[in-house]
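Q: Please take a close look at one part of this model: the cysteines and the helices that surround them. I would like one connected account rather than a list.

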Amino acid sequence: GVLKMSPEALVEQVLSPSTKDQQDFYLQMRALHVYAESSLVWKFKDATTLEECGSLMNASHASCRDMYECSCPELDELTQLCRDLGALGSRLTGAGWGGSA
C-alpha cells in the first residue's frame with residue numbers, strides 16, 4: 001500500500017489507544033481546519049478592531065466544532081453564553097474534546 005505497512009502494523013505503531021478502533025478519520029476535513037485556523041491567526045495578527053478579533057475567534061470556534069469536531073455541546077453552549085452576555089468573540093481553548101471557553 002501507499003504507507004508500505006500492513007494494517008496491523010499501522011494500528012500497532014501509529015494509532016493511539018483512543019483512535020485504534022476508529023473506522024473513519026476525516027483527514028481532508030481536519031486538514032482544511034488546520035489551514036483555515038492558520039489563516040485566521042494571520043488575520044487576527046492584522047486585525048485593527050476588537051470586533052474583528054471577536055469575529056475571528058467565533059470563526060475559529062465554528063471551525064473547531066464543525067471541521068475538527070473537537071468541541072462538545074457544553075462548550076458550544078458556554079461560548080454562545082459568553083457572546084450573549086457581551087463577549088465580542090468566544091472559542092474553546094485547551095486540548096479540545098472538553099476544554100474551556
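A: The model is a predicted one, and it holds 0 disulfides. A disulfide is a covalent bond between the sulfur atoms of two cysteines. The cut-off used here is a pair of cysteine sulfur atoms within 2.5 Å. For C64, the closest cysteine sulfur is that of C70, and the 4.2 Å between the two sulfurs is too far for a bond. For C53, the closest cysteine sulfur belongs to C82, at 16 Å, which is also too far for a bond. Both C53 and C64 lie in helix 3, among the residues that meet helix 2. C53 is buried, its relative accessible area being 16%. C64 counts as buried as well, with a relative accessibility of 3%.

The packing of helix 2 and helix 3 comes next. Helix 2 covers residues 27-46, and helix 3 covers residues 50-68. The two pack at an angle of about 170°, and their axes are 10 Å apart. An angle over 145 degrees counts as roughly antiparallel, so helix 2 is roughly antiparallel to helix 3. On the helix 2 side, the contact is made by M29, R30, L32, H33, E37, L40, K43 and F44. On the helix 3 side, C53, L56, M57, A59, S60, S63, C64, D66, M67 and Y68 take part. Sorted by class, the contact of helix 2 with helix 3 has 11 nonpolar, 3 polar and 4 charged residues.

One of the helix 2 residues in this contact is H33. H33 is buried, with a relative accessible area of 7%. Apart from its neighbours within four places in sequence, H33 is in contact with S63, C64, M67 and Y68. The cysteine C64 is thus among the contacts of H33. Along the chain, H33 and K45 are 12 residues apart, and their C-alpha atoms are 18 Å apart in space.

The loop between helix 1 (7-13) and helix 2 contains S18. S18 is exposed, with a relative accessible area of 62%, whereas H33 in helix 2 is buried. The C-alpha atoms of S18 and L32 are separated by 22 Å, with their positions 14 residues apart along the chain. L32 itself is one of the helix 2 residues that meet helix 3.

On leaving helix 3, the chain enters the loop between helix 3 and helix 4, where E69 is found. Phi of E69 is near 55°, a positive value in a residue other than glycine. Most residues other than glycine have a negative phi. E69 is partly exposed, with a relative accessible area of 40%.

Beyond that loop is helix 4, residues 73-84, which packs against helix 3 at an angle of about 165° with the axes 11 Å apart. Helix 3 and helix 4 are therefore roughly antiparallel to each other, and their crossing is left-handed. Helix 3 contributes N58, H61 and R65 to the contact, and helix 4 contributes L75, D76, T79 and R83. By class, the residues of this contact divide into 1 nonpolar, 3 polar and 3 charged. For the contact of helix 2 with helix 3, the corresponding counts are 11 nonpolar, 3 polar and 4 charged.

Conventions
Residues numbered from 1 in each chain as written. Predicted model: local features only at pLDDT ≥ 70, side-chain atom pairs only at ≥ 80, totals over all residues. Heavy atoms only, no water. Axes fitted to C-alpha atoms, helices over the stretch in contact; angles between N-to-C directions. Helix = DSSP H or I, 4+ residues; strand = E, 2+ residues; numbered from the N terminus. Parallel < 35°, antiparallel > 145°, perpendicular 65-115°, else oblique. Left-handed = near helix turned anticlockwise from the far one by under 90°. Contact = heavy atoms within 4.5 Å. Nonpolar A, V, L, I, M, F, W, Y, C, P; charged D, E, K, R; others polar. Buried < 20%, exposed > 50% of the residue type's maximum accessible area, 1.4 Å probe, protein only.
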